[in-house]
Amino acid sequence: MQKTNNFFVIHNFNTIPSNLLELCEDYLIYDCSTQTNIKEQLHTMGLHIKDIENTGHNITSYFSYFDEYYDNLPEVICLLKGNMIGRHCSKEFLDQVYNNQSFTFLYEEKQYWDKFSKYDSTGQKNEAGNTFLAMENVYVEKNTSWYAQSDNHPKKYFNDVDDLLRFIYQKPMIPQYCMFAPGACYIVRKEQVLLHDRVFYRNLNKLMNYAVAPNFPSEAHQIERILPILFTSCGKVNDWMENEQAFENKLPECSAYIQYKYDNRPRKFKKLRQMLGLIK
């Protein structure tokens, strides 16, 4: 394969990403591997590696790169996971697009095409559901923030994408559906990253790296779904998004609000339970 001039930023966890490195001239691996033999092998290979703590997901690595290299970003950046081939896309798909010079969703799972297309393999129409494919590599999901209810992904600042978007932008359009690449792998251009100040990315990382117990925060799932908005929107952001101290001053308000919404959540069948003497 011909190597691309696109710069590869690779978030890596317990993988030797040789199949990605053979495609690029230059790269940086953000490695959070926990297996000692993997870490030793990576360093023995003399690769360009930055050892980092494991936040449980890959987006913090991308935003850390934007922050650290903000004044010297490559023209085109591929945001990748060390294990993406076979998990989020096929080798055949990546071979076709890795040299793209424009914004590209790096996602392709053909096993779902029959389920998500307008027609199934028999030619019958599929019923529209909460998820579908807008294009072969563009996943669309109804904006319900269903994942925020999982105990495996605690939330500290935001209940859903809607509140997160209102926190980031002054007058956001709240989408009925989120269009994104599951796994958060993309090709982006320098000018897309520069839509926001470096502090913007530093601040967003604070919403995603506060815990890994039992798993990464729900806010990482939320940001995964709005990445295409962050990379394309011309909306004006709130002032605190580009000021670290002002941002940190707002976080206690976010925590208080999420607790308020929890305390005042709808109580199903409350009257019935009162009649049964289950609650007072």
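**Aromatic pairs, salt bridges and the largest pocket**

At a relative accessibility of 32%, Tyr-112 counts as partly exposed, whereas Phe-116, with a relative accessible area of 9%, is buried. These values, like those that follow, were computed from a predicted model. The structure holds 22 aromatic pairs. Tyr-112 and Phe-116 make up one of them, a tilted pair whose ring centres are 6.0 Å apart and whose planes form an angle of 55°. A tilted arrangement is also found for Phe-167 and Trp-240, with 5.5 Å from centre to centre and 40° between the planes. This second pair joins distant parts of the chain, since Phe-167 belongs to helix H6 and Trp-240 to the loop between H9 and H10, and the two residues are 73 positions apart. Phe-167 is buried, having a relative accessible area of 7%, while Trp-240, at 21%, is partly exposed; the boundary for burial is 20%.

Trp-240 has a further partner in Lys-250, which lies over the face of the Trp-240 ring at 4.3 Å from the ring centre. A comparable placement of a lysine over an aromatic face is seen for Lys-156, at 5.4 Å from the centre of the Tyr-210 ring. Elsewhere, one aromatic cluster is formed by Phe-63, Phe-66, Phe-103, Phe-105, Tyr-186, Phe-200, Tyr-201 and Phe-231.

Charged side chains were considered next. Side chains of opposite charge can pair when their charged atoms come close. The structure holds 17 salt bridges. One of them connects Asp-163 with Arg-166, for which the closest N and O atoms are 3.2 Å apart. Both residues lie in helix H6, which spans residues 161–168, and because they are three residues apart in that helix, about one helical turn separates them. The partners differ in their accessibility: Asp-163 is buried, with a relative accessible area of 12%, whereas Arg-166, at 46%, counts as partly exposed. Another salt bridge brings together the side chains of Glu-191 and Arg-189, with an N to O distance of 2.7 Å; Glu-191 is partly exposed at 41% relative accessible area, and Arg-189 is likewise partly exposed, at 22%.

A third salt bridge, between Arg-202 and Glu-244, has its closest N and O atoms 2.8 Å apart. Here the pair links distant parts of the chain, with Arg-202 in helix H8 (residues 198–206) and Glu-244 in helix H10 (residues 244–263), 42 residues apart. Arg-202 is partly exposed, with a relative accessible area of 28%, and Glu-244 is partly exposed with a value of 28%. Both residues take part in a network of salt bridges that links Asp-67, Asp-71, Arg-198, Arg-202, Lys-206, Glu-244 and Glu-248.

The largest pocket has a volume of about 710 Å³. It is lined by 33 residues, of which Lys-81, Arg-87, His-88, Gly-183 and Glu-224 are the closest to its centre. Two or more lining residues come from each of strand E1 (7–12), helix H5 (113–116), strand E7 (138–142) and helix H9 (218–232). Helix H9 gives the most to this lining, contributing four residues. By class, the lining of the largest pocket comprises 14 nonpolar, twelve polar and seven charged residues.

How values were computed. Residues numbered from 1 in each chain as written. Predicted model: local features only at pLDDT ≥ 70, side-chain atom pairs only at ≥ 80, totals over all residues. Heavy atoms only, no water. Salt bridge = Lys/Arg side-chain N within 4 Å of Asp/Glu carboxyl O. Buried < 20%, exposed > 50% of the residue type's maximum accessible area, 1.4 Å probe, protein only. 1 Å grid on protein atoms, 1.4 Å probe; cavity = no way out; pocket = protein on both sides within 12 Å on 5 of 7 lines; lining within 4 Å. Points joined across faces, edges and corners; volume = space filled by probe spheres on them. Nonpolar A, V, L, I, M, F, W, Y, C, P; charged D, E, K, R; others polar. Phe/Tyr/Trp six-rings, centres within 6.5 Å; stacked < 30°, edge-to-face > 60°. Lys NZ or Arg CZ within 6 Å of the ring centre and 35° of its normal.
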